[in-house]
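Thanks for making the time this morning. I would like to walk you through one model, and I ask you to keep the structure on the screen while I talk.

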Amino acid sequence: MAIIERIEILQVDLAPKVKRTDAIQAFISQETPMLRIHTQDGLVGTGYSYTIGTGGSSVIGLLRDHLAPRLLGREAGEIELLWKELFFATHATAVGAITALALATIDTALWDLRCRAANRPLWLEAGGAQRAVPLYTTEGGWLHIDKAALVEDALAAKAAGFGGSKIKVGRPHVAEDIERLSAVRAAVGPAFDVMVDANQAFTVAEAIRRARLYEPLDLAWFEEPLPAEDIDGHARLCASTSLPVAVGESIYHPSIFREYAQRGACSIMQADVARIGGITPWLKVAHLGETFNMAICPHFLMELHVSLCAAVPNAAWVEWIPQLDDITTSRMIVRDGKAVPSDQPGLGIAWDAEAIARRQAFTPIVLKA
């Protein structure tokens, strides 16, 4: 039995390595809520989630006041039971981002414990489906970047063996998008994938219009074209275009993915392990996607998603956006342009305790049984 006897709650704030902008926002800071769960048998599991600059204190408050205390004295291996209990304990604030991020912070720590107790890496403990996953980059495709730099970054990614590049769209006029995308496509050729991401910026009519003009560029997918709550609009768009439509980074419960799939409102699922509430629901989304013959291509969090993608058979891509270099001693393995999961027991992330201590936003909160 792995009884939980002590919990530490903390937060680290990280500055993005490059300027990150899209059609609706700028990514100014990564607030990183973290949780360490200690068990009576001496194991420690570390979990985390993130924001892009706001809400971190609310996640911490939910963990401190409502969720983490419920874990003390409990069996850490009962992950499904604990996730369900915590979700229903916060039913008045679910479904939503703050609750999902708090749940993910706990759930990833519990999975870290599970893997360490089994002395197995996450990718194997969660399924063991593939040893490497294709990799694409987003870090050089932000909306403010000029055309020449977009091309340069895409060519560098291709030379490094990456399989694709994602370009942000949503410039004031579609002609600007087309000019930028056409330059990248002409430079990289037909055998390199180009994805586009609108970050929920368009109306249905504008998304249909832009999709028609994007189609000749043979894009790998059209990501978040509409607000995530507009399932009907996504269904209308899917019916009108040959482009695969990708959704998921702004979805906070597996049941919403089910509705998207049932209504033919997406082609690719992009569940984000933090925003969906952790590894436990992420795996449910991945397996749901498989039953609909859909790929899962998760958003962000490459250091954790590499192992989850390797765990399931229908993961098609890992997204390259480094985010944890300042507080870890490990780096995601890239071999022949593909992401390779760590074989170390746990999540596959080696945390730098000293770096975390220097950057923590407040004195860690400690709860004891």
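I will begin with a sheet and the helix on it, and then turn to the largest pocket.

Please bear in mind throughout that what we are looking at is a predicted model. The sheet I want to show you is an open one, built from 4 strands that run in the order E3-E2-E1-E14, with antiparallel pairing. At its edges stand strand E3, residues 44–48, and strand E14, residues 365–368, and because each has a single partner strand, one side of each is left without a neighbour in the sheet. Going from one strand to the next, the twist averages 15 degrees.

If we look at one of these pairings in detail, strand E2, which covers residues 30–39, is joined to E3 in the antiparallel sense over 5 bridges, and within this part of the model Ile37 stands opposite Gly45 in E3. Packed on the sheet is helix H1, residues 56–67, which touches strand E1 (4–14) as well as E2 and E14, and the direction of H1 makes about 175 degrees with that of E1.

Now to the pocket: how much space lies in the largest one? The value is about 270 Å³, and of the 21 residues that line this pocket, the closest to its centre are Ser330, Arg331, Met332, Ile333 and Gly348. Helix H11, residues 302–311, gives the largest share of the lining, with 3 residues. Sorted by class, the lining has 12 nonpolar residues, alongside 5 polar and 4 charged ones.

Definitions and conventions
Residues are numbered from 1 along each chain as its sequence is written. This is a predicted model: local features need pLDDT of at least 70, side-chain atom pairs count only at pLDDT 80 or more; totals for chains, interfaces and linings use all residues. Side-chain values use heavy atoms; hydrogens and water are left out. On a 1 Å grid over the protein atoms alone, a cavity is a set of points where a 1.4 Å probe fits but cannot get out, and a pocket is an open set with protein on both sides within 12 Å along at least five of seven lines; lining residues have an atom within 4 Å of a point. Grid points are joined across faces, edges and corners, and a volume is the space filled by probe spheres set on the points. Helices (H or I, at least four residues) and strands (E, at least two) are DSSP runs, numbered from the N terminus. Ala, Val, Leu, Ile, Met, Phe, Trp, Tyr, Cys and Pro count as nonpolar, Asp, Glu, Lys and Arg as charged, and the others, Gly among them, as polar. Two strands pair if DSSP finds at least two bridges between them. Axes are lines fitted to C-alpha atoms, for helices over the stretch in contact, and angles run from 0 to 180 degrees between N-to-C directions. Contact means heavy atoms within 4.5 Å.
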